Amino acid sequence: MIEIRNITKLFNEGTVNEKIAIDNLSLTINDGDFICMIGANGSGKSTLLNCLSGSLIPESGNIIMDGKDITLLSQHDRAHEIGHLFQDPLAGTAPHMTMEENLALAAKTGGWLARINDKDRAYFKEKLKKLDMDLESKLKMEVGVLSGGMRQALTLIMATINTPKILLLDEHTAALDPQTAEKVLEITAETIEEKNLTCVMITHNMQTAIDMGNRLIMMNNGKIILDLNKEEKEKMSVDDLRDLFRKNAEMELDNDRMLLL
Ligand SMILES: Nc1ncnc2c1ncn2[C@@H]1O[C@H](COP(=O)(O)OP(=O)(O)OP(=O)(O)O)[C@@H](O)[C@H]1O
Ligand SMILES: [Mg+2]
């Protein structure tokens, strides 16, 4: 279980450009939760995931993972617990290394790169075969020559090869063509189910957020303004979600006004 307790993340603190990207936000992520996160540009979605991965440290509040306070733990020290995928297929892999070397690094056999053995290769091939992209025949190929979709699928395998405590997906299909995006989403759902992973996935596709996962969270101005469970979200249409967004974002505005009065 991951508990995010009252975290606030500011950018450009103390300057005229000060921005509250995350505003006293609390969230409990249960083991096995697959949360789809939506919200307008700049609402703080990526910042929240970056606080979870440790690439950003919040100014206040705490992040507790399985009872341990990891708020100030460096990104490096929590990397083995957390898988993080981004929109850019170039992020997360070493382009001039081969697929098998990338996989070996992800599997933490890094010191043994020169000694990747047939057993390792068989294991990597078995994982890649499931993607149904013929990647298993390309183990010796440099990752840089793969297509964006192939790379995102590979990155997903790399990020989950050691079963992280949480998988963070930041619009990881947004840069792909619609058909490839659908394929990578399918692989995502299969991987999460097979490994029973806990996952937060940011998407701008409201229908995807309704269809996938067991929870839907909507962010606005650094706050969570909607948190629906599976039954609640499955009853929703995209139009319902848009209406709820308008209503809840306005309510939040009203609350802020009330606080100011
Ligand atoms: N490194 C940074 N320095 C300054 N401001 C930042 C930085 N990163 C994010 N911000 C600001 O914090 C706010 C939240 O940004 P964030 O990237 O988390 O939004 P988002 O919900 O992921 O948006 P999008 O849907 O466009 O990806 C925005 O106002 C953004 O400009
Ligand atoms: Mg973002």
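Start by selecting threonine 191: leaving aside residues up to four places away in sequence, it touches Leu156, Thr160 and Leu197. Keep in mind as you click around that this is a predicted model. Threonine 191 sits in helix H6, which covers residues 178-195. Turn on a surface and you'll find threonine 191 buried, at a relative accessible area of 11%.

**Next stop: the ligand**

Select ligand 1 and show what surrounds it. You should get 13 residues, and the closest are Asn41, Gly42, Lys45, Ser46 and Thr47. Color that shell by class and you'll see three nonpolar, seven polar and three charged residues.

Now zoom in on some oxygen atoms of the ligand:

- Threonine 47: an N or O atom in its side chain is 2.5 Å from an oxygen atom of ligand 1.
- Glycine 44: here a backbone N or O atom lies 3.0 Å from a ligand 1 oxygen.
- Histidine 204: a polar atom of its side chain is 3.0 Å from an oxygen atom of ligand 1.

How much of ligand 1 does the protein bury? On its own the ligand exposes 630 Å², and the protein buries 63% of that. Two elements give two or more residues each to the shell: strand S2 (19-29) and helix H1 (45-53). H1 gives the most, with three residues.

**Along helix H1**

Since you're already there, select H1 by itself. This helix is mostly covered, with eight of its nine residues buried. Those eight are Lys45, Thr47, Leu48, Leu49, Asn50, Cys51, Leu52 and Ser53. So Thr47, whose side chain you just saw 2.5 Å from a ligand oxygen, is on the buried list because its relative accessible area is under 20%. Step off the end of H1 and you land on glycine 54, which takes a positive phi of about 90°.

**Over to helix H3**

Select residues 99-106 for helix H3, another mostly covered stretch: six of its eight residues are buried. Highlight Met99, Glu100, Asn102, Leu103, Ala104 and Ala106 to see them. What covers them? Helix H4 (118-129) and helix H5 (148-160) are included in that cover. After H3, look for lysine 108, where phi is positive again, near 65°.

Now back up to alanine 94, in the loop between strand S6 (82-85) and H3. Is alanine 94 buried or partly exposed? It's partly exposed, with a relative accessible area of 25%. Setting aside residues up to four places away in sequence, alanine 94 touches Asn102 and Val143, and Asn102 is one of the buried residues of H3. For a sense of scale, draw a distance from the C-alpha of alanine 94 to the C-alpha of aspartate 33: the two are 30 Å apart in space and 61 residues apart in sequence.

**Last stop: two cysteines**

Finish by selecting cysteine 36 and cysteine 199. Why is there no bond between them? Their sulfurs are 7.6 Å apart, which is too far for a bond, and cysteine 36 has the closest cysteine sulfur to that of cysteine 199. A disulfide would need the two sulfur atoms within 2.5 Å. In fact, a search of the whole structure turns up zero disulfides. Both cysteines are tucked away from the surface: cysteine 36 is buried at 0% relative accessible area, and cysteine 199 counts as buried at 0% too.

Key. Residues are numbered from 1 along each chain as its sequence is written. Chains are lettered from A and ligands numbered from 1 in the order in which they are written. This is a predicted model: local features need pLDDT of at least 70, side-chain atom pairs count only at pLDDT 80 or more; totals for chains, interfaces and linings use all residues. Side-chain values use heavy atoms; hydrogens and water are left out. Buried means under 20% relative accessible area, exposed over 50%, partly exposed in between (1.4 Å probe, protein chains only). A residue is near a molecule or strand if one of its heavy atoms lies within 4 Å of it. A polar contact is a pair of N or O atoms within 3.5 Å; within protein, one must be able to donate a hydrogen and the other to accept it, and residues adjacent in sequence count only if both atoms are side-chain atoms. Accessible areas come from the Shrake-Rupley method with a 1.4 Å probe; for residues, only the protein chains shown count as cover. Helices (H or I, at least four residues) and strands (E, at least two) are DSSP runs, numbered from the N terminus. Ala, Val, Leu, Ile, Met, Phe, Trp, Tyr, Cys and Pro count as nonpolar, Asp, Glu, Lys and Arg as charged, and the others, Gly among them, as polar. Contact means heavy atoms within 4.5 Å.
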